[in-house]
Amino acid sequence: MPFVNEYVSYEDAEKYDLDNLWNKYNYSMLKMPEALNHFEVHQHAWCVDEEQGYWLFNCGHLINEDSRSGYPEPSNKEAFILHVNGQNIEFILTSHGLEDNDVYPIHFYYELVSMAPTCLPNLSRDSLLTILKEALNIFKYDGIRDLEENAKTLVEFDF
């Protein structure tokens, strides 16, 4: 079964400690679980391949401590957690807009800033990046929270 965008069950959110993953990376002053009240559906969302037991969770934008204003601000870096073979891999990505077209009015690419760990005992870096690309091609812009925009989105990769 390929990756699909879904809302996370409350049991899985607790099992994988998604509140704390979000809080660790997301720059927002609003922390989980309270932040869920600001979404139309008050559950976490992820991109999951249930057959393989893989999932991708967007933890949101990181904070930029070295902003021009001198105050912490959201950065252009996003944290994603890819769960593979029982282990979380942290990916820090940036996205950059590309020229849109009639078919895809939203066109951008993801660039890899960092990943940790860079491999697993049975999976190489390239294999992990392939899994990440598969998941991001389904997640696109905002996963299940914005399927309408996702349908108009073309994603490319610079890794």
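This section describes the fold, the sheet, the nonpolar cores and selected local features of a predicted model.

The protein chain contains four helices and seven strands, and from the N terminus on these elements follow the order β-α-α-β-β-β-β-β-α-α-β. Along the principal axes, the C-alpha trace spans about 45 × 40 × 30 Å. The radius of gyration of the protein chain is 16 Å, which agrees with the value near 15 Å that a compact globule of 159 residues would have. Of these 159 residues, 39% count as buried, and the accessible surface of the protein chain amounts to about 9,000 Å², with 48% of this area belonging to carbon and sulfur atoms. Among the contacts with a separation of 6 or more, 57% are made by residues that lie 24 or more positions apart.

The seven strands form an open sheet of mixed pairing, in which the order is β1-β2-β3-β4-β5-β6-β7. The edges are occupied by β1 and by β7 (153–157), each of which has a single partner strand, so that one side of each is left without a neighbour in the sheet. On average, and with direction ignored, neighbouring strands are turned by 35 degrees against each other. Helix α2 (residues 18–25) packs on this sheet, where it touches β2, β3, β4 and β5, and the direction of the helix makes about 30 degrees with that of β3.

Within the sheet, strand β2 can be described in some detail. All five of the five residues of β2 (residues 45–49) are buried, so this strand is largely enclosed by the rest of the structure. In a regular strand, side chains alternate between the two faces of the sheet. Both faces of β2 are covered, with Ala 45, Cys 47 and Asp 49 buried on one side and Trp 46 and Val 48 buried on the other. Strand β1 (residues 4–7) pairs with β2 in the antiparallel sense over four bridges; in this pairing Asn 5 stands opposite Cys 47, while Val 4 has Val 48 of β2 as its bridge partner. Strands β2 and β3 likewise run antiparallel and are joined by three bridges, and here the partner of Val 48 in β3 is Trp 55. Val 48 thus has a bridge partner in β1, namely Val 4, and another in β3, namely Trp 55. The hairpin formed by β2 and β3 has four residues between the two strands, and Gly 53 in the turn adopts a positive phi of about 80 degrees.

The largest nonpolar core comprises 25 residues, and those with the most contacts inside it are Leu 56, Phe 80, Val 84, Phe 91, Tyr 110 and Leu 136. Two or more residues are contributed to this core by each of β3 (54–64), β4 (73–84), β5 (87–97), β6 (106–116) and α3 (125–139), and α3 gives the most, with seven residues. When residues up to four places away in sequence are not counted, Leu 136 touches Leu 56, Phe 80, Leu 93, Tyr 110, Val 155, Phe 157 and Phe 159. A second, separate core consists of 16 residues, including Ala 13, Leu 18, Leu 21 and Met 32.

Several local features were also examined. Ser 75 is located in strand β4 and, at a relative accessible area of 17%, is buried, because this value lies under the 20% limit for burial. Apart from its neighbours within four places in sequence, Ser 75 is in contact with His 61, Leu 62, Ile 63 and Asn 64. The peptide bond from Ala 116 to Pro 117 is cis, with omega near -5 degrees, and Pro 117 lies in the loop between β6 and α3.

Positive phi values also occur at residues other than glycine. Asp 17, placed in the loop between α1 (10–15) and α2, has a positive phi of about 55 degrees although it is not a glycine, and at 38% relative accessibility Asp 17 counts as partly exposed. Asn 85, which lies in the loop between β4 and β5, has a phi near 50 degrees, again a positive value in a residue other than glycine. With a relative accessible area of 52%, Asn 85 is exposed.

How values were computed: Residues are numbered from 1 along each chain as its sequence is written. This is a predicted model: local features need pLDDT of at least 70, side-chain atom pairs count only at pLDDT 80 or more; totals for chains, interfaces and linings use all residues. Side-chain values use heavy atoms; hydrogens and water are left out. A nonpolar core is a set of buried Ala, Val, Leu, Ile, Met, Phe, Trp, Tyr and Cys residues joined through side-chain atoms within 4.5 Å. Buried means under 20% relative accessible area, exposed over 50%, partly exposed in between (1.4 Å probe, protein chains only). Contact means heavy atoms within 4.5 Å. Two strands pair if DSSP finds at least two bridges between them. Axes are lines fitted to C-alpha atoms, for helices over the stretch in contact, and angles run from 0 to 180 degrees between N-to-C directions. The radius of gyration is taken over C-alpha atoms; the globule rule is 2.2 Å times the number of residues to the power 0.38. Accessible areas come from the Shrake-Rupley method with a 1.4 Å probe; for residues, only the protein chains shown count as cover.
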